[in-house]
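Work through the exercises below with the model open. Each task is followed by a solution in steps.

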Amino acid sequence: MIEAVGLTKRYGDKTAVYNLSFQVRPGTVTGFLGPNGSGKSTTMRMILGLDNPTSGQVTIGGFPYRKLPNAPRQVGALLDAKAVHGGRAARNHLLCLAQLSGIPARRVDEVLGVVGLQDVAGRRSKGFSLGMGQRLGIAAALLGDPQVLLFDEPVNGLDPEGILWVRNLMKSLAAEGRTVFVSSHLMSEMALTADHLIVIGRGQLLADMSVRDFISANSADFARVRTPDTEPQQREKLSSALTEAGGHVLPEQDGGLRVTGLPLPRISDIAHGSDVRLWELSPHQASLEEAYMRMTQGAVDYRSTIDQRAGLMQPLPPGYQPPIPVPGQGQPGWYAPPPPQPGGQPFVMPGQPGQVPAGPYGAPAAPAAPGAGGPNPYARPAPEDRAPAAPAQPPAPAAPAADLTKPEDAR
């Protein structure tokens, strides 16, 4: 177990971590979250004895890291995947670490197989991609078969298959009773991997609770209700009934209703009692990302501003007319109209011969005018359709036909 008590770290006049206290228990994957600059990496460095705390202490199994006997056999960590000698082969890199900690050489080949690098074990690490470097760092953390594991952004640079592999690895390690402490900025991945969360902001503890409790405490669940789009009076009728029952109703852009303060069965009963047909009644729970953004929005140090592009815009040419906005463009469900078809024929979906095509914005197109289906308006005009040219000059008299009976004409 990892335990921090009153942990504080100052760099000159900057306080990176202040009075931080938490516990990371075995048997669960504990996610370590916080904005950039919140002190996550500094905290992990103090856990591993790489930085000395200004005050407070942090212990692993009741001992500071530096006092653990043969610490690499008890604690494994990945803080920087590129902290390797680039000229060393992957296997030699792990072999050096194993010899320093008294770990048998056969363990090197075992962890190379675990992380999937057995085929490139003889390659120098300086030629590794970011994802391969991450796998090599995870192999180094697993080398001593430790009971406590710390990972800082372990899925950085991994492809989807690698991310899934890391997720399953973390869960399997925790299921074996190990202590797993993972820092990441990928909220969707943390929601699938972590069981418990420790959230810090500007060096101070913001939350220490399970993922489920964190989402519930920092978000508001609601129900999404939809009535027939062709009957707006039904929506108004239901909205009034739900408000009278103590619910809070907000309209949504797509015509639905967002209802809070009433459970789904109660909403269904009210709609039935009001004789209102429902097209949709579904629960909505906020994601971990929504809850995290709500909690940490006041602890973000680096915020972007709106790019006004002042001085970067090129002057418009004389007589330039801005494009006319297309109705509906940019709205949900809008798609660009199909391009003109060869020959000027109207666009018809495959398998629907003769059907009147839909207009570019979803409405049925107007019936074709008599005589439609003529020449392509984008094609070049045929010679007979062009404007009359200048009068042609009279043709020159034809030369007399040669008499092939004469020998000189038959040559």
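Buried means under 20% relative accessible area, exposed means over 50%, and partly exposed lies in between. The structure is a predicted model. Keep both points in mind throughout.

**Exercise 1. Classify the ends of a salt bridge.**
Is Asp-51 buried or exposed? Find the side chain that Asp-51 meets in a salt bridge, and classify that residue too.

Solution.
- Step 1. The relative accessible area of Asp-51 is 14%. The cut-off for buried is under 20%. Asp-51 is therefore buried.
- Step 2. The partner is Arg-45, with an N to O distance of 3.1 Å.
- Step 3. Arg-45 has a relative accessibility of 33%, so this residue counts as partly exposed.

**Exercise 2. Treat further salt bridges in the same way.**
How many salt bridges does the model contain? Examine the pairs Arg-167 with Glu-189 and Glu-252 with Arg-258.

Solution.
- Step 1. The count is 13 salt bridges.
- Step 2. Arg-167 and Glu-189 meet at 2.8 Å, N to O. This pair links distant parts of the chain: Arg-167 sits in helix α5 (residues 160-175) and Glu-189 in helix α6 (residues 187-193), 22 residues apart. Both Arg-167 and Glu-189 are buried.
- Step 3. In the bridge between Glu-252 and Arg-258, the closest N and O atoms are 3.2 Å apart. Glu-252 has a relative accessible area of 17%, so Glu-252 is buried. Arg-258 has 32% and is partly exposed.
- Step 4. Shared partners also join Arg-106, Arg-107 and Glu-110 into one network of salt bridges.

**Exercise 3. Lay out an open sheet.**
In what order do the four strands of the open sheet stand? Which strands stand at the edges?

Solution.
- Step 1. The order is β11-β12-β10-β13, with antiparallel pairing.
- Step 2. β11 (248-251) and β13 (280-284) each have a single partner strand, so one side of each lacks a neighbour in the sheet. These two are the edge strands.
- Step 3. From one strand to the next, the twist averages 25 degrees.
- Step 4. Take one pairing in detail. Five bridges join β10 (residues 222-226) to β13 in the antiparallel sense. Arg-224 has Ser-282 in β13 as its bridge partner.

**Exercise 4. Explain why strand β3 is largely enclosed.**

Solution.
- Step 1. Strand β3 covers residues 29-33, and five of the five are buried, so the rest of the structure largely encloses β3.
- Step 2. Split the strand by direction. Val-29, Gly-31 and Leu-33 point one way, Thr-30 and Phe-32 the other, and all are buried.
- Step 3. Add the partner strands. β3 runs parallel to β7 (residues 179-183), with four bridges. Val-29 stands opposite Val-180 in β7.
- Step 4. β3 also runs parallel to β8 (residues 196-201), again with four bridges. Here Gly-31 has Leu-197 as its bridge partner.

**Exercise 5. Find the buried side of helix α10.**

Solution.
- Step 1. Helix α10 spans residues 288-296, and its buried residues include Leu-288, Ala-291, Tyr-292 and Thr-296.
- Step 2. They cover an arc of only 115 degrees around the axis, which places them on the same side of α10.
- Step 3. The buried residues of α10 pack against β3, α6, β8, β9 (204-210) and α7 (211-217).

**Exercise 6. Compare two positive phi values.**
Where in the chain is Glu-153, and where is Asp-275?

Solution.
- Step 1. Glu-153 lies in the loop between β6 (148-152) and α5. Its phi is near 50 degrees, a positive value in a residue other than glycine.
- Step 2. Asp-275 lies in the loop between α9 (264-273) and β13. Its phi is near 60 degrees, also positive in a residue other than glycine.
- Step 3. Glu-153 has a relative accessible area of 15%, so Glu-153 is buried. Asp-275, at 63%, counts as exposed.

**Exercise 7. Describe the nonpolar cores.**
Which residues have the most contacts inside the largest core?

Solution.
- Step 1. This core has 48 residues, and those with the most contacts inside it are Ile-138, Phe-151, Val-180, Leu-197 and Phe-214.
- Step 2. Helix α5 gives the largest share, seven residues.
- Step 3. Leave aside the neighbours of Val-180 within four places in sequence; its contacts then include Val-29, Phe-151 and Met-170.
- Step 4. A second, separate core has 23 residues, among them Ile-2, Val-148, Phe-181 and Ile-200.

Note on methods. Residues are numbered from 1 along each chain as its sequence is written. This is a predicted model: local features need pLDDT of at least 70, side-chain atom pairs count only at pLDDT 80 or more; totals for chains, interfaces and linings use all residues. Side-chain values use heavy atoms; hydrogens and water are left out. Two strands pair if DSSP finds at least two bridges between them. Axes are lines fitted to C-alpha atoms, for helices over the stretch in contact, and angles run from 0 to 180 degrees between N-to-C directions. A salt bridge is a side-chain nitrogen of Lys or Arg within 4 Å of a carboxyl oxygen of Asp or Glu. Buried means under 20% relative accessible area, exposed over 50%, partly exposed in between (1.4 Å probe, protein chains only). The arc is that of the directions from the helix axis to the C-beta atoms. Contact means heavy atoms within 4.5 Å. A nonpolar core is a set of buried Ala, Val, Leu, Ile, Met, Phe, Trp, Tyr and Cys residues joined through side-chain atoms within 4.5 Å.
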